[in-house]
Amino acid sequence: LSPRFNKALDYAARVHRTQVRKKTNVPYVCHLLAVAALVLENGGTEDEAIAALLHDAPEDRGGRPRLDDIRVQFGERVAEIVEACSDTLEEDPETKPPWKTRKSAYHDHLRESRDASVYLVSAADKLHNARATLADHAAIGRKIWARFNGGRDGTLWNYDRLLGIYATGPRDARRDPIVRELRRTVEQLKSL
């Protein structure tokens, strides 16, 4: 990895410095590192790994102005992947559309994309989220579902829709092990 990756790591840590995972004390950067690790472990490029580090920055920390800054700092390719992995580019989190509306629009946007890089980063993101939910369920039980805007049913609906989209997306062997594990993890979540 080049110094660009180090720069992206520093950028992500600064942007998300005060953010924690939903209703936990876990620094948000842990999620970004895990998603980047999944991308790299499965043959991702440096641009894909950088996009993994930055995939939530516009959605959670600044909207379109943040995306524009990412484009300037890390290039058009990284910005394209990040934008495609964002369910909103609202600058003010209070003006985000309702959860189900955002997720449905994300599904439609992802389904229309034929960009294997977008699918790789998106699937890695969802796998890490599902892993964390499963681990937290083991620790606190069904109370875990209260953390999510969609609750248990909405969260599982979202995963099911995404799994269907990943299955019909552009062929990319790098994504296959991530999607297989995501499918197994979602099935475990459904059984709880």
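Helices here are DSSP runs of H or I, at least four residues long, numbered from the N terminus. The views below show a predicted model.

**View 1. S117 in helix α8, with its contacts.** S117 sits in helix α8, which spans residues 116-140. Its relative accessibility is 9%, so S117 counts as buried; the cut-off for that class is under 20%. The side chain of S117 makes a polar contact with the side chain of E48, at 2.5 Å. Beyond neighbours within four places in sequence, S117 is in contact with E48, R77 and I81. E48 is itself one of the buried residues of α3.

**View 2. Helix α3 and its surroundings.** Helix α3 covers residues 46-54. Eight of its nine residues are buried, so α3 is largely enclosed by the rest of the structure. The buried set is E46, E48, A49, I50, A51, A52, L53 and L54. These residues pack against α1, α2, α4, α5, α6 and α8. Among those partners, α4 is residues 57-60 and α5 is residues 63-74.

**View 3. The packing of α2 on α3.** Helix α2 runs over residues 29-41. Its axis and that of α3 are 8 Å apart, at an angle of about 160 degrees. The two helices are therefore roughly antiparallel to each other. Their crossing is right-handed. On the α2 side, the contact uses L32, L33, V35, A36, V39 and L40; on the α3 side, it uses E48, A49, A52 and L53. Nine of these residues are nonpolar, none is polar and one is charged. The charged one is E48, because Glu belongs to the charged class. E48 also appears in View 1, where its side chain meets that of S117.

**View 4. T24 in the loop ahead of α2.** T24 is found in the loop between α1 (3-15) and α2. With a relative accessible area of 17%, T24 is buried. A polar atom of the T24 side chain lies 3.0 Å from the backbone nitrogen of V26. Setting aside neighbours within four places in sequence, T24 is in contact with D136 and R147.

**View 5. D92 in the loop between α6 and α7.** The loop that holds D92 joins α6 (76-84) and α7 (99-112). D92 is partly exposed, with a relative accessible area of 38%. Its side chain has a polar atom 2.9 Å from the backbone nitrogen of E94. From D92 to E181, the C-alpha to C-alpha distance is 34 Å, and the two residues are 89 apart in sequence.

**View 6. R102 in helix α7.** R102 belongs to helix α7. At a relative accessible area of 11%, R102 is buried. A polar atom of its side chain lies 2.8 Å from the backbone oxygen of P97. R102 also touches D87, T88, K96 and N149, among residues over four places away, and P97 is on that list too. S86 is 16 residues from R102 in sequence; their C-alpha atoms are 9.4 Å apart.

**View 7. The packing of α7 and α9.** The axes of α7 and α9 are 10 Å apart, at an angle of about 5 degrees. That makes α7 roughly parallel to α9. In α7, the contact residues are W99, K100, K103, S104, Y106, H107, D108, L110 and R111. In α9, they are G154, T155, W157, N158, R161, L162, I165 and Y166. The contact counts seven nonpolar, five polar and five charged residues.

**View 8. The packing of α8 and α9.** Helix α9 spans residues 151-168. It packs with α8 at an angle of about 150 degrees, with axes 11 Å apart. The crossing is left-handed. From α8, the contact takes in Y119, S122, A123, K126, N129 and A130; from α9, Y159, L162, I165 and Y166. By class, seven of these residues are nonpolar, two are polar and one is charged. L162, I165 and Y166 are on the α9 side here, and they also face α7 in View 7.

Notes: Residues are numbered from 1 along each chain as its sequence is written. This is a predicted model: local features need pLDDT of at least 70, side-chain atom pairs count only at pLDDT 80 or more; totals for chains, interfaces and linings use all residues. Side-chain values use heavy atoms; hydrogens and water are left out. Axes are lines fitted to C-alpha atoms, for helices over the stretch in contact, and angles run from 0 to 180 degrees between N-to-C directions. Angles under 35 degrees count as roughly parallel, over 145 as roughly antiparallel, 65 to 115 as roughly perpendicular and the rest as oblique. A crossing is left-handed if the near helix is turned anticlockwise from the far one by less than a right angle, and right-handed if clockwise. Contact means heavy atoms within 4.5 Å. Buried means under 20% relative accessible area, exposed over 50%, partly exposed in between (1.4 Å probe, protein chains only). A polar contact is a pair of N or O atoms within 3.5 Å; within protein, one must be able to donate a hydrogen and the other to accept it, and residues adjacent in sequence count only if both atoms are side-chain atoms.
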